[in-house]
Amino acid sequence: MSTRLGQLVERLGGQLMGDPDIEISGIAPLNDANASHITFLANPKLRQQAAQTQAAALILSATDDTNIAGRYAGARIIVENPYAYFARTAQLFAAQSAPPIVPGIHPSAIIDPSAQVAATACIGPHVSIEADAIIGDRCIIDAGCFIGRGAVIGANTHLFARATFHAGCRIGKNCIIHSGAVIGADGFGFANEGGTWIKIPQTGVVVIGNDVEIGVNTSIDRGALADTIIEDGVKLDNQIQIGHNCHIGAHTAMAGCVGVAGSAQIGKYCTFGGAAMVLGHLTIVDHVHISSGSMVSRSILEAGQYTGFYPLSKNADWEKSAAIVRNLSSMREKIRKLEKTIKSLTPTSKE
Amino acid sequence: MSTRLGQLVERLGGQLMGDPDIEISGIAPLNDANASHITFLANPKLRQQAAQTQAAALILSATDDTNIAGRYAGARIIVENPYAYFARTAQLFAAQSAPPIVPGIHPSAIIDPSAQVAATACIGPHVSIEADAIIGDRCIIDAGCFIGRGAVIGANTHLFARATFHAGCRIGKNCIIHSGAVIGADGFGFANEGGTWIKIPQTGVVVIGNDVEIGVNTSIDRGALADTIIEDGVKLDNQIQIGHNCHIGAHTAMAGCVGVAGSAQIGKYCTFGGAAMVLGHLTIVDHVHISSGSMVSRSILEAGQYTGFYPLSKNADWEKSAAIVRNLSSMREKIRKLEKTIKSLTPTSKE
Amino acid sequence: MSTRLGQLVERLGGQLMGDPDIEISGIAPLNDANASHITFLANPKLRQQAAQTQAAALILSATDDTNIAGRYAGARIIVENPYAYFARTAQLFAAQSAPPIVPGIHPSAIIDPSAQVAATACIGPHVSIEADAIIGDRCIIDAGCFIGRGAVIGANTHLFARATFHAGCRIGKNCIIHSGAVIGADGFGFANEGGTWIKIPQTGVVVIGNDVEIGVNTSIDRGALADTIIEDGVKLDNQIQIGHNCHIGAHTAMAGCVGVAGSAQIGKYCTFGGAAMVLGHLTIVDHVHISSGSMVSRSILEAGQYTGFYPLSKNADWEKSAAIVRNLSSMREKIRKLEKTIKSLTPTSKE
């Protein structure tokens with residue numbers, strides 16, 4: 001579980017300034033690192049800390065390298081995007097220390113004879129796989145997962161313990177579904193008749209691209225007539241709800257507790273802060289960023305950052321401001337009256 | 001997997017204008033439908049689209065039928081509530097294409113000998129059913145579900161994979177519980193003693209009526225001393241939290257991510273938009289509609305639509321408005337001063 | 001399933017005024033109690049009700065006892081904290097009526113030979129326990145739970161059905177984890193490179209103290225490099241999301257649907273109302289109380305109660321107030337103009 005700097009650079013690129021034979025055995029933050037660690041400088045505000053780190057090696061940008069020149073004695077790897085380089089380095093170390101994957105099907109798993117499970121896949125205890133499902137090469141399906149009939153799981157995709165993937169849904173390669181996530185349950189669709197609700201069968205599925213990550217206890221509902229679509233590279237954190245017939249563009253990321261109501265169309269490269277909500281049937285274009293706790297109640301057709309949450313105050317102050325907010329139209333009325341009165345008092349207006 | 005229009009009308013009612021022998025094989029939206037489909041017009045704004053649909057048959061109201069008279073050449077089924085009729089038609093097609101239910105108990109299920117499972121029920125792999133539980137006729141209990149001791153599941157109720165139904169709780173007929181939902185866990189009840197929390201045992205249960213649907217990863221807590229009650233026809237979407245001792249009236253529907261704190265009493269025929277929240281111990285009467293993202297912090301004793309969320313703006317604009325909201329009382333103060341000054345300037349006030 | 005008052009006081013303390021041989025068989029609220037029940041008075045507003053209760057015995061404070069003196073004929077137990085005493089009494093009754101725990105491992109559980117499971121522990125059906133995990137004395141691990149490699153579960157801790165506890169995480173003694181909760185999944189950590197997201201391995205774990213309760217479908221993510229820490233006595237309700245590297249101080253309690261973003265540092269003895277949200281990397285000191293539905297967007301360095309949610313109104317009223325909120329800066333502009341104009345009109349300002 002260690003690597004030489006030379007090997008690292010050979011693998012991941014970057015310009016090495018220092019001895020390629022230096023052995024590193026792990027990654028640590030700037031101020032925790034010691035002579036066995038590699039560390040990284042991604043935020044220029046931490047240059048001083050970087051200059052003083054005890055790490056054997058430092059990943060940084062050319063600009064930062066020029067800036068701390070001579071003040072840090074260890075090896076440096078100069079790269080364009082130090083944070084991304086750190087991520088890739090961490091992936092290498094994590095792969096080294098991960099427990100070995102032993103292909104095969106645990107005897108307690110129940111797999112329909114018509115399902116196709118790749119010989120290189122690893123199926124854990126108490127898994128259920130229904131008829132005609134297809135599990136790709138090197139998939140890992142951990143304990144207690146459920147995969148419905150006709151579902152398709154692409155190569156190298158990992159379902160953590162107790163994930164649920166319903167009938168007919170499809171997911172691409174190199175994806176991760178975390179524990180408790182439920183993909184492809186019925187959307188929330190009812191017709192109202194005299195006050196009672198009549199269920200509308202949800203006959204679409206969920207179609208998910210490659211390189212998608214889906215967090216703990218997140219739910220993505222199947223479409224009503226058409227399908228729910230999650231494009232490549234989308235990252236969804238925990239406890240997210242995606243309604244039926246939504247379409248989420250590639251590389252959009254959503255933090256925990258976000259909710260997206262049915263049929264919302266969301267662009268590529270968007271980000272959503274925690275607990276942001278999106279109403280149904282809206283359109284959000286590419287490169288839109290929604291702040292945490294904000295409710296999107298109309299379509300957003302222009303890229304940018306959008307926000308809408310009530311600012312926090314001491315409770316007593318909030319009580320005052322909230323009471324005024326509730327009566328803002330009376331305040332507006334007072335101002336209008338004042339304007340009128342003043343107009344009548346102003347000499348120019350009297351001429 | 002097809003039906004003749006005559007059969008459909010025989011089954012579901014409505015006035016058929018056209019050939020009863022026309023064969024339809026599925027449902028599609030107005031603009032996607034072709035000569036093998038039936039479609040529906042539920043929104044008068046889509047009349048023009050309806051007139052031009054390629055569908056073999058169109059479900060619509062008498063008013064809409066009069067309006068598009070002569071412009072649509074296919075068969076029509078004239079009904080009072082086209083959307084509800086569409087839902088019922090879709091249910092017929094879905095029932096035709098559903099995989100057959102084979103009654104019986106999967107050999108990997110663990111069922112206490114004292115539990116009563118109807119011979120017509122279907123119990124999937126890795127299910128656990130504890131002592132004295134009762135599973136009604138034609139129930140479907142999918143893979144990995146847990147049913148606690150003494151729990152009662154009514155006839156035709158379907159628990160999707162990995163649902164949890166705790167000890168002593170009861171649910172009626174024709175219900176659906178989706179994957180990951182947890183019914184009857186302990187409510188959140190503690191007594192505080194010098195800063196630490198002492199658990200109050202939650203000895204009530206959850207009692208659920210007929211025709212209730214409960215979404216993915218939704219939780220309904222058992223009562224503390226009394227019970228938590230969900231009446232007939234209630235529809236709960238995904239990721240909803242219902243606290244202990246709540247009472248939810250018949251046919252109330254809640255969209256995803258709603259939270260209801262303990263002991264709230266909610267009426268019949270209410271609707272809650274996504275992520276709406278209700279504080280504990282409140283009363284909400286029948287026919288109340290709460291908008292998405294709104295916090296109900298006081299009882300609502302009059303039917304109607306209620307809203308309370310901060311409007312979304314570009315972030316820079318929100319920063320300005322939020323700063324003012326935080327200081328609204330100083331703005332009110334300024335207005336009061338202005339009123340005073342103006343009063344002192346106004347001739348009438350000086351007389 | 002009954003106890004004499006004398007036994008109760010011997011066990012839990014308090015000053016008994018009445019016959020120690022009175023037999024009670026359960027607890028009930030003031031107005032539901034009959035001669036077989038004990039009840040309690042924790043809220044002085046209910047003194048009148050307490051005076052009239054039919055309960056055999058009443059738990060109350062010395063002050064309340066003086067106040068209702070002579071008006072209640074049954075036995076009294078005088079204590080400092082009646083609500084806490086009620087909780088402990090309820091615990092005694094609940095323990096009496098709980099089904100017996102039979103130590104042992106269900107034959108359908110899959111337990112790695114290297115895992116250490118205490119002989120007094122009770123492992124339910126379809127449980128998976130991976131290599132090197134340690135399960136302490138008298139633990140109860142209910143049906144369908146997953147415990148990852150090297151995880152440590154302290155004595156007397158109870159995992160309800162279908163809880164997930166990932167590799168390397170640790171939890172102390174006397175804890176409860178409810179169904180569907182997921183401890184130790186990957187945090188949400190990615191480096192952005194040209195718009196796409198590169199996963200940062202999450203190599204920390206979750207470390208949980210003693211006497212912690214974790215609600216249904218709640219998720220606590222493992223740390224990125226360092227660990228996520230939950231101190232002793234923390235109580236988390238259902239559907240809560242705790243991001244990676246958070247630190248939650250002892251005896252802090254959070255109601256349902258709360259979200260805490262990564263690296264937040266939260267003090268001891270705090271409380272969070274339902275659906276409150278905390279942004280990442282913030283610090284909240286001890287004894288801070290956040291109201292339901294409030295977004296904490298900056299650090300809180302002073303104890304107290306804080307609130308920030310939009311007040312609920314009838315929808316038509318909200319539409320008016322929200323439109324004004326969106327344009328508050330124009331209202332401020334108008335006020336400034338008025339102030340200027342008035343200044344120019346005021347005699348003193350012209351001198």
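Here are legends for a few close-up views of this predicted model.

**View 1. The domains of chain A.** Let's begin with a single chain. The domain assignment splits chain A into domain 1 (3-97), domain 2 (104-306) and domain 3 (315-350). Between the centres of domain 2 of chain A and domain 3 of chain A, taken over C-alpha atoms, lie 49 Å.

**View 2. How chain C relates to chain B.** Turn chain C by 120°, with 0.1 Å of shift along the rotation axis, and chain C superposes on chain B with an RMSD of 0.2 Å. That is how a three-fold axis relates its copies. Look for C:Tyr310 here: in chain C, its C-alpha is the one nearest the axis, at 3.4 Å.

**View 3. The contact of chain C with chain A.** Chain C brings 70 residues to this contact, and chain A brings 67 residues. Together the two chains bury about 5600 Å², with 68% of that area on carbon and sulfur atoms. Keep an eye on C:Phe188, C:Trp197 and C:Met295, which supply 12% of the area that chain C buries against chain A, more than any other three residues.

**View 4. Polar and charged pairs between chain C and chain A.** The interface holds 3 salt bridges. One to find is the salt bridge between the side chains of A:Glu213 and C:Lys199, at 2.8 Å from N to O. Polar contacts link 24 residue pairs between chain C and chain A.

**View 5. The side of chain C that touches chain A.** Elements giving two or more residues to this side include strand S21 (182-185), strand S23 (196-199) and helix H5 (315-326) of chain C. H6(C) gives the largest share, 8 residues. By type, the residues on this side are 34 nonpolar, 25 polar and 11 charged.

Key:
Residues are numbered from 1 along each chain as its sequence is written. Chains are lettered from A and ligands numbered from 1 in the order in which they are written. This is a predicted model: local features need pLDDT of at least 70, side-chain atom pairs count only at pLDDT 80 or more; totals for chains, interfaces and linings use all residues. Side-chain values use heavy atoms; hydrogens and water are left out. Domain bounds come from an automatic or database domain assignment. Copies are superposed by least squares on the C-alpha atoms of residues with pLDDT of at least 70 in both. Contact means heavy atoms within 4.5 Å. Buried area is the accessible area (1.4 Å probe) that two parts lose on being put together, summed over both. A salt bridge is a side-chain nitrogen of Lys or Arg within 4 Å of a carboxyl oxygen of Asp or Glu. A polar contact is a pair of N or O atoms within 3.5 Å; within protein, one must be able to donate a hydrogen and the other to accept it, and residues adjacent in sequence count only if both atoms are side-chain atoms. Helices (H or I, at least four residues) and strands (E, at least two) are DSSP runs, numbered from the N terminus. Ala, Val, Leu, Ile, Met, Phe, Trp, Tyr, Cys and Pro count as nonpolar, Asp, Glu, Lys and Arg as charged, and the others, Gly among them, as polar.
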